[in-house]
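Trainee: Could you walk me through reading charged side chains in a model? I'd like the general idea and then the case at hand.

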Amino acid sequence: MPDDSAFDLIFRQATLPGGTRPVDIGVRRGRFAAIAPVIVADAPEVVLGGRAVLPGFVDSHVHLDKACLLGRCGHLQGGLKAAIAAVSAMKRDFTVADVHERGAQVLERAIAKGTTRMRSHVEVDPRVGLRSFEALKAMKRDFAWAIDLSLCVFPQEGLTNDPGTEELLVRALQDGADALGGCPYTDTDPHAQIARLFALATRFDVDLDFHLDFDLDASWMHLDEVCRQTTVHGYGGRVAIGHVTKLSSLPPEAFARAAERLAQAGVAVTVLPATDVYLLGREATHDVPRGLTPAHRLLAQGVTCSVATNNVLNPFTPFGDASLLRMANFYANVAQVGPEGFDACIDLVTALPARLMNLRDYGIAIGNPADLVVLDAPTQAEALAGLAEPIMGFKNGRQSFSRPAAQLHAPSQPRAALRAVAG
């Protein structure tokens, strides 16, 4: 029972992940300073009444630079190639102010839905130059009070076949980009792109995050080459691959072999349910495939996995509210995960993406930044099942958002009806 009057704030009756009883959490100078059944101290307090508390959701793969583009193009029903082409035509006209305005809309929604950490991919090529990167650098500064934003620059439309792109990537890395991405399936020489990106990543000592194997043809993959290069460069634990929907088309034996390869190489996988389900299988007239890689099955074989947002209100995904709780719920529905797996689905949008992003100060633990989100449910599993709203959030011990619980306003019953009921 810690007795310390130097706390700046105390959260009372918080139910933590894996906890069976509520605890008190003490905050000092923006960091967690005590966690105990009861903290005896005189300090400002927030009474949570046993509600579930998380250290915030972690969105490991989102595209803020091309968010909120609906209404600027007529493309709403195409596949992946059509979506890339539609955005390619628009991004020539992107300005720093435009990207900042659209991206900020998503960041504000994400913050209000409980996200405290995020990795945004940023397209860099001769068409858009560094304008989107400049906008996201400004957003990173502007929203640091509520969210830690990591910027991953990448070539959406190819590298070896797109002169000038590598030079722009280098400039962005020199200017503080946090990670480097890739998209081999749009390159005329996919293996050469992978090799060039590993060379750049090791040169600048940044993590890698590829868009990879994004279709349902499992007869070929770039997964093996990424795993091979990861091993050659000693980059295990620093490489992630997103989408990887080909894995959803593999029979059990081949899936197990791929999972073993990923685990041995130390390559993580991000599943992007909204985009993957929306874009894939469009040519089917019936028995449409889901196109969703089963992250929970990869986890069982030792692969670090996450579930993330990807796109919001654009040709790749024409819906979205930046809620990772909703995304985890959607994943559980499509992947047919039962109640026994609900806690693991929460892990896919919290602790596991934090591990994927190598966030060593994430979590409700003494000494870590005092980031937390309160869910309007007694446990995180019940929050997932019922899509309970986050009702408040804190960043470094300072409140970042609040959402009062909904109130119902039933009509008043006539007095005669009340007397009849009483009689």
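**Reading the charges**

Mentor: Arg 72 is a good place to start: with a relative accessible area of 44%, Arg 72 is partly exposed. Keep in mind that this is a predicted model.

Trainee: Which side chain does Arg 72 meet in a salt bridge?

Mentor: The general idea is that side chains of opposite charge can pair when their charged atoms come close. Here the partner of Arg 72 is Asp 98, at 2.5 Å from N to O. Asp 98 sits in helix α2 and Arg 72 in the loop between β6 and α1, so the pair ties together parts 26 residues apart in sequence. Asp 98 counts as buried, because its relative accessibility is 12% and the cut-off is under 20%.

Trainee: And where do Lys 91 and Glu 123 lie?

Mentor: Those two form a salt bridge, also with closest N and O atoms 2.5 Å apart. Lys 91 is in helix α1 and Glu 123 in strand β7, 32 residues apart. Lys 91 is buried at 2%, and Glu 123 is buried at 3%. Both belong to a network of salt bridges with shared partners, which includes Lys 66 and Asp 125.

Trainee: How far from Asp 276 is the nearest side chain of opposite charge?

Mentor: That side chain is Arg 282, 11 Å away; Asp 276 is buried yet has no salt bridge. Look for other polar partners in such a case. The side chain of Asp 276, in helix α8, makes a polar contact with the side chain of His 243 at 2.7 Å. Asp 276 also touches other residues, among them Phe 214 and Thr 245.

Notes
Residues are numbered from 1 along each chain as its sequence is written. This is a predicted model: local features need pLDDT of at least 70, side-chain atom pairs count only at pLDDT 80 or more; totals for chains, interfaces and linings use all residues. Side-chain values use heavy atoms; hydrogens and water are left out. Helices (H or I, at least four residues) and strands (E, at least two) are DSSP runs, numbered from the N terminus. Buried means under 20% relative accessible area, exposed over 50%, partly exposed in between (1.4 Å probe, protein chains only). Lys and Arg count as positive and Asp and Glu as negative; His and the chain ends are not counted. A salt bridge is a side-chain nitrogen of Lys or Arg within 4 Å of a carboxyl oxygen of Asp or Glu. A polar contact is a pair of N or O atoms within 3.5 Å; within protein, one must be able to donate a hydrogen and the other to accept it, and residues adjacent in sequence count only if both atoms are side-chain atoms. Contact means heavy atoms within 4.5 Å. Lists of a residue's contacts leave out its neighbours within four places in sequence.
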